[in-house]
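Reader: I am new to protein models and would like to learn how to read one. Could you take me through it feature by feature?

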Amino acid sequence: MPEASTPTAPAVPFGQALGEAARDSDALLTRLLERENLSFLQWVVMNIIATADEPVAADVLSADVAKELSIDASEVDDAWSLLRSSGRIDTGGGVLTFTDVGRAYHRQLRATVGQATARVLDGFDQAEIATAIRVLRAVRERAPLVAAD
């Protein structure tokens with residue numbers, strides 16, 4: 001009768017693996033955005049507009065993104081201002097909405113990013129991906145609590 005196998009510790013510590021994956025994923029996204037002459041902050045703004053249930057107040061978006069990314073709100077203001085000057089968003093009434101051009105541009109870029117993501121995740125079982133997402137979300141919730149101790 002074969003002996004039961006004992007689980008072995010991962011070859012790389014979790015934090016190191018997480019950091020390496022984050023760095024390499026960020027490099028991929030940065031490369032895709034640079035091809036479009038788009039900054040990460042502009043990408044964030046566009047994604048928030050795309051997923052919002054209603055128009056987003058410019059001042060609220062700037063404050064929320066600045067807090068989440070630990071940056072100055074003026075940096076976020078600059079990002080949406082560049083999107084406005086490029087004709088991708090409208091800022092009438094203090095709210096941020098896509099122009100038709102901006103909506104089409106975001107859809108195209110979202111598809112490009114989605115294709116790259118699919119290539120990175122090719123070969124992984126959907127259950128493994130779901131587990132990884134759950135673990136990463138839990139880490140994101142717990143890390144600030146541990147840091148506050």
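**Reading the features one by one**

Author: Let's begin with a single residue: Phe-14 counts as partly exposed, because its relative accessibility is 46%. The general idea is a three-way label: buried means under 20% relative accessible area, exposed means over 50%, and partly exposed is in between, with a 1.4 Å probe and protein chains only. Please keep in mind that this is a predicted model, where local features need pLDDT of at least 70 and side-chain atom pairs count only at pLDDT 80 or more, while totals for chains, interfaces and linings use all residues. Residues are numbered from 1 along each chain as its sequence is written, and side-chain values use heavy atoms, with hydrogens and water left out.

Reader: Which residues make the nonpolar surface patch?

Author: First, the rule: patches are made of residues with over 30% relative accessible area and no salt bridge, joining like charges within 9 Å and nonpolar side chains (Val, Leu, Ile, Met, Phe, Trp, Tyr) within 5 Å. The areas come from the Shrake-Rupley method with a 1.4 Å probe, and for residues only the protein chains shown count as cover. Here Phe-14, Leu-18, Val-135 and Leu-136 form a patch of about 320 Å². Two elements, helix H1 (14-35) and helix H6 (126-148), each give two or more residues to the nonpolar patch, and Phe-14 belongs to helix H1. As for the labels, helices (H or I, at least four residues) and strands (E, at least two) are DSSP runs, numbered from the N terminus.

Reader: In what order do the strands of the sheet lie?

Author: Two strands pair if DSSP finds at least two bridges between them. In this model, 3 strands form an open sheet in the order S1-S3-S2, and the pairing is antiparallel. Strand S1 (56-57) and strand S2 (89-90) are at the edges with a single partner strand each, so one side of each has no neighbour in the sheet. Strand S3 (residues 95-98) is joined to S1 by 2 bridges, and 2 bridges also link S2 to S3.

Reader: Which residue in S3 is the bridge partner of Ala-57?

Author: That is Val-95. Ala-57 itself sits in strand S1 and is partly exposed, because its relative accessibility is 25%. Its C-alpha atom is also 5.8 Å from that of Gly-94, although these two residues are 37 apart along the chain. Over at S2, Ile-89 faces Phe-98 of S3. The hairpin of S2 and S3 has 4 residues between the strands, and there Gly-93 adopts a positive phi near 70°.

Reader: Which residues of S3 are on its covered face?

Author: Here is the general idea: in a regular strand the side chains alternate between the two faces of the sheet. In S3, Leu-96 and Phe-98 are on the covered face, with Val-95 and Thr-97 on the uncovered one.

Reader: How many salt bridges does the count come to?

Author: Side chains of opposite charge can pair when their charged atoms come close. The rule asks for a side-chain nitrogen of Lys or Arg within 4 Å of a carboxyl oxygen of Asp or Glu, and the count is 3 salt bridges. One of them joins Arg-140 and Glu-68, at 1.8 Å from N to O. Because Arg-140 is in helix H6 and Glu-68 in helix H3 (residues 58-69), this pair ties together parts that are 72 residues apart in sequence. Another joins Arg-103 and Asp-100 at 3.4 Å, N to O; both are in helix H5 (residues 100-121), 3 residues apart, about one turn of the helix. Asp-100 is exposed at 64% relative accessible area, whereas Arg-103 is partly exposed at 34%. Arg-23 and Asp-24 also form a salt bridge (3.6 Å, N to O).

Reader: Which residue lies over the face of Tyr-105?

Author: A charge sits over a ring if NZ of Lys or CZ of Arg is within 6 Å of the ring centre and within 35 degrees of the ring normal. Here the residue is Arg-88, at 3.8 Å from the ring centre of Tyr-105.

Reader: Is Ala-116 buried or exposed?

Author: With 14% relative accessibility, Ala-116 counts as buried. Ala-116 is part of helix H5. Between Ala-116 and Leu-28 there are 8.3 Å in space, C-alpha to C-alpha, though they are 88 residues apart in sequence.
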